[in-house]
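Trainee: I should be grateful for a close look at a single part of this structure. Could the account please be given in connected form?

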Amino acid sequence: MNLDKVFDNNEKWIKDKLKVKDNYFEELGKGQNPELLYIGCSDSRVTAEELMGAEPGEVFVHRNIANMVISIDLNVMSVLNYAVDHLKVKYIVVCGHYACGGVKAAMQSADLGILNPWLRNIRDVYRIHKTELNTIEDEDKKYDRLVELNVKEQCVNLIKTAAVQKAYRERGLKVHGWVFDVHTGKLIDLKINFEKYLKDIMEIYHLD
Ligand code: CO
């Protein structure tokens, strides 16, 4: 990737946008009103807006290694609270992807330094679903299933927050879990049963 080319690309992009709408950037400068909060992996292959066909201003995006929602991560929690309480997004999506290097790295017996505490949360997902995962012999299939289960558990982590519980009660905000298949480009809806998970965990995690 040639960094000088980036600025040429940018000039071309500006021209393309103005060709379609001559006040495009005036409108963009007025503010944002995204309806979707997207929490995805930092993996360079999984571009948030492009794979959804979304335009600037439509999606509030947070990306980290293996699309984790960790309750003491100030970054994801700030993004969540701003999106839910201030931007009043209508939907939250956790989007994982098959062949996720973060998920695979989490299951290796190796000291990865600062990544250890981050990826430890994925080992916890494995432990919760060990019975199912241990029946899968093919290693790639096992990791792909772990990717799906990780998305599910991160959705549950979102439901554990006061912001999501309050927004569900007040305006029916729900959490969705998706997986992007890097081998085909297909986006898969895991059809997370929000109400079921909410009901399951509220006995212990009820905040608002
Ligand atoms: Co990844």
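Mentor: The following account concerns the sheet and, in particular, one strand within it. Please bear in mind that the model is predicted. The sheet is open and contains 5 strands in the order 2-1-3-4-5, with mixed pairing. Its edge strands are strand 2 (59–64) and strand 5 (187–189), each of which pairs on one side only. On average, neighbouring strands of this sheet are turned by 25 degrees against each other, direction ignored. Helix 4 (residues 74–86) packs on the sheet and touches strand 1 (36–41), strand 2 and strand 3. The direction of helix 4 makes about 170 degrees with that of strand 2.

Let us now turn to strand 3. In general, strands of a sheet pair through backbone hydrogen bonds, either parallel or antiparallel. In the order 2-1-3-4-5, strand 3 stands between strand 1 and strand 4. With strand 1, strand 3 pairs in the parallel sense over 5 bridges; here G40 stands opposite C95 of strand 3. On the other side, strand 3 (residues 91–97) is joined to strand 4 (residues 174–180) by 7 bridges, and these two strands also run parallel. Within this pairing, Y91 has K174 as its bridge partner in strand 4, while V94 stands opposite G177 in strand 4.

How far is strand 3 enclosed by the rest of the structure? A residue is counted as buried when its relative accessible area is under 20%. Of the 7 residues of strand 3, 6 are buried, and the strand is therefore largely enclosed by the rest of the structure.

How values were computed:
Residues are numbered from 1 along each chain as its sequence is written. This is a predicted model: local features need pLDDT of at least 70, side-chain atom pairs count only at pLDDT 80 or more; totals for chains, interfaces and linings use all residues. Side-chain values use heavy atoms; hydrogens and water are left out. Two strands pair if DSSP finds at least two bridges between them. Helices (H or I, at least four residues) and strands (E, at least two) are DSSP runs, numbered from the N terminus. Axes are lines fitted to C-alpha atoms, for helices over the stretch in contact, and angles run from 0 to 180 degrees between N-to-C directions. Contact means heavy atoms within 4.5 Å. Buried means under 20% relative accessible area, exposed over 50%, partly exposed in between (1.4 Å probe, protein chains only).
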